[in-house]
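Good morning, and thank you for coming. Please take a moment with the sequence and the structure before I begin.

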Amino acid sequence: MRFVDEYRGEADAQAYVRLIRRAVTRPWILMEICGGQTHTFIRSGVDRMLPEAITLVHGPGCPVCVTPLELIDRAIAIAGRPGTILTSFGDMLRVPGSATDLLGVKARGGDVRMVYSPLDAVKLAQKHPEREVVFFAVGFETTAPANAMAVWQAAKLGLPNFSILCSHVLVPPAMEAILGSPANRVQGFLAAGHVCAVMGWMEYEPIAERYRVPIVVTGFEPVDLLQGVYLAVRALEEGRVGVENQYARAVTREGNVAAQRLMREVFEPCDRAWRGIGVIPRSGFRLRPAYAAFDAEKRFDVGAITAQESPLCIAGQVLQGLKKPHECAAFGVQCKPEHPLGAPMVSSEGACAAYYHYARSA
Amino acid sequence: MSDEPPPGLAGLQCPIPLSEYPHVTLAHGGGGRLTHALIERMFLAAFRNPALEPLHDGAVLDLPKGRIAITTDSYVVSPLFFPGGDIGSLAVHGTVNDLAMCGARPLALTAGYVIEEGLAMEDLWRIVHSMAGAAREAGVDIVTGDTKVVDRGKGDGVFINTTGIGFVPEGIHIAPSRARPGDRVLLSGRIAEHGIAIMSVREGLEFGTTLRSDSAALHGLVGGLLHAVGARVHVLRDPTRGGVASATNEIAASAKVGIRLDEAAIPVAEQVRGACEILGLDPLYVANEGKCLAIVAPEAADQALEVLRAHPLGRDAAIVGEVVEDHPGRVFMKSRVGGLRVVDMLSGEQLPRIC
Amino acid sequence: MCLGVPGKVLEIQENALGMTMGKVDFGGITKDVCLAYLPETRPGDYVIVHVGFAISKVSEQEAAETFEILRQMGELAELEEPRPDGPEAGAAGTPADPGRGGRERA
């Protein structure tokens, strides 16, 4: 596959590993923001190819993992309503709520359907005017243009039976929360390539300056990640701060202006609670008043939701890069993919799941 | 739900008059006249063989002396019809394959149907006809069966159970526990085609493809392998649900050995890769219905490969790994870029992802 | 958060709602993708697709340049392999600045 296979070459990967080894003179701590990057690191074994001096901590770039428990419980409650079809990306179906998950609701007769694209949910609403169709709109900035278009389409079509449960989160405020924390140890970042394909990298320049860190916009294939690590390490060794773009084949400084325009039309920034971390100001999106009719939170009164997290789950510390999954006492014991205590163990992008499936030793 | 009638069916009329009974009703499962008509005119007509003819409670067979293998499987696939097959052909192939994986030559199959009230009679006919064709091709008879009809909403169109018996020749001892360090792991062809073909027609995930399920009876392929290499075949396994990853994990656990796979050696069709990429699936966990894993003694590996490749169902066979002493019970894989990763057992079903 | 896959645009047309849609090829399978965010797309272009939307065009030129740099680095890495008899020669100050895998655009 073009523009994929070229970045999975063993010779090229090994060449970068050698160059990284040669460049490193002291320990460095790097964070890759995106769950998809974590997934590649561990699945391709690239993280183990890095010299010991480099510590990779996995950031909160898993929108599934950071969706607040209340929202998951709300989705579960909505899915259980007769006459409602709850549509969702695959990732969300097994994330544990307080008592069950969306697949559990399906097992008990709720109409829960997996879709590939939010537009599929709009089509479903057109096809079933007698049912309420709700789309669980999860994601970072990468997915916001798609979700915005779904709402915009529904508005254009005047669909009375379509709404979204919005759980959008934004990367830059999360990065600032991590960098601003007194416990922070992260010295350099691999920024999420596809988030930047949409947003560009302009927002990261002031962050790099303020906190004096290198930020490398990085892709998702093994060679992309190695090149990103190499650029970050070089910058750290040379004492340089600022933004570099490893993923130049897909990312420009301005990003996708058309996408940003529709996102701004449909969504506005708001404070958001991140599961396991807490509220980060202006770190999420909500529907603008003009589109409030499509807000499932307003449309469905599902009663009071009291969310209960497992006291054993340290997802928040893992998501902030303060602990690694295997440093959690419950990892692999009370908390496994078959009976997860928190979202990072279930979501395929979650750091805990990635560790469990790919890196756990006998 | 019914597409174009498959080749071979065109021109063949459904034996139950569709104008009278366009759908299966509860009465068809009641045991009376309608049941009898269904069995005689549809099942017996399609499966026609001496053992089935008496339509007695059971079939009596004259079996060769020796070890008899027996296996049973239930088929619940949805949709009922998919590119490359249907629940009927799958039900024959799957059970014949389970016998083959025991080193057994298939002797006879049973077929039990649980039909949901309201299933289109035409669809049932297509499925039965497809089963008959698959059985004929595999050289095995369906000698007895059962039919039940359940209330609308209590079934998914139709569920089929097949039990198969087979004969295991002398000297053949296939068991997962027989894998030994040093053995080579062979795969008979390209993986993940069945699961991806099913996905390509699932609502919400559809995509354009020429991929078809690889559903096929493997006893010919396996028979040839056993004939050539004999007792040096230690393990046979068809990687169905859970894919190659689950099958190798089960073998590793059973034999208390480690398995090392080489990602670059595993054959995967380009279209399967494309589909897995956009859906975020790992082909190692996707179901196969016409492939087998063979774990053979190292000195027999090259010959085994040659024999597999000489068969039409084994053209893309490859040596994809080896059995090791390290990490007993675990499977590891060298990734395409040279890194090492664990290939874990699946927890639940693999779901498409956006991240 | 970012399963984005590069695919080749085969055909472009407007759907019933006036939205520009493309048939995009991924290793031989095709999917209908919304091209509304990349209005300049032409058949033959490669685009990054996320949940049914093209979010960015793949720049073949940038990819080629990255590759050229990768190749140079590979050769450099080969050349600079430590000799068995002594410490590595010339660690820092590699020519042709292979570190710039991509570059910032003004």
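I shall speak about confidence, then a helix, a histidine, a strand and, finally, a contact between chains.

Please note at the outset that this is a predicted model. Chain A has an average pLDDT of 91, and 98% of its residues score at least 70. Within that chain, strand β8, residues 214-218, has the highest confidence, at 98, while helix α16, residues 351-359, has the lowest, at a mean of 78. As a general caution, predicted coordinates should not be read in detail where pLDDT is low.

Let us turn to helix α8 of chain A, which covers residues 144-157. From first C-alpha to last, its 14 residues reach 20 Å, close to the 20 Å expected at 1.5 Å a residue. How many of the residues of α8(A) are buried? The count is 10 of the 14, so the helix is largely enclosed by the rest of the structure. Among them are A:P145, A:N147, A:M149 and A:Q153. Just after α8(A), A:G158 adopts a positive phi of about 65°.

One buried residue of that helix, A:A146, leads us to chain C, since it is among the residues that C:H50 touches. C:H50 belongs to strand β4 of chain C, residues 46-50. Is C:H50 buried or exposed? It has 26 other C-beta atoms within 10 Å; a residue counts as buried at 20 or more, and C:H50 is therefore buried. Leaving aside residues up to four places away in sequence, its contacts in chain A are A:T142, A:T143, A:A146 and A:H194. In chain C, it touches C:C2, C:L3, C:G4 and C:I55. C:P6 lies 44 residues from C:H50 in sequence, yet their C-alpha atoms are 9.2 Å apart.

Next comes chain B, and strand β7, residues 184-187. B:R184 and B:L186 point one way from this strand, B:V185 and B:L187 point the other way, and all are buried. That matches the general rule that side chains alternate between the two faces of the sheet in a regular strand. Which strands pair with β7(B)? Strand β10, residues 293-296, does so in the antiparallel sense over four bridges, and there B:V185 stands opposite B:I295. Strand β11, residues 318-324, also runs antiparallel to β7(B) and is joined to it by four bridges. In β11(B), B:A318 is the bridge partner of B:L187.

Finally, the contact between chains B and C takes 14 residues from chain B and 12 residues from chain C. On the chain B side, these comprise five nonpolar, five polar and four charged residues.

Thank you for your attention.

How values were computed
Residues are numbered from 1 along each chain as its sequence is written. Chains are lettered from A and ligands numbered from 1 in the order in which they are written. This is a predicted model: local features need pLDDT of at least 70, side-chain atom pairs count only at pLDDT 80 or more; totals for chains, interfaces and linings use all residues. pLDDT is the predictor's confidence in each residue, from 0 to 100. Helices (H or I, at least four residues) and strands (E, at least two) are DSSP runs, numbered from the N terminus. Two residues are in contact if their C-beta atoms, placed from the backbone, lie within 7 Å. Ala, Val, Leu, Ile, Met, Phe, Trp, Tyr, Cys and Pro count as nonpolar, Asp, Glu, Lys and Arg as charged, and the others, Gly among them, as polar. The expected span of a helix is 1.5 Å times one less than its number of residues. A residue is buried if 20 or more other C-beta atoms lie within 10 Å of its own, exposed if 12 or fewer, and partly exposed in between; C-beta atoms are placed from the backbone. Two strands pair if DSSP finds at least two bridges between them.
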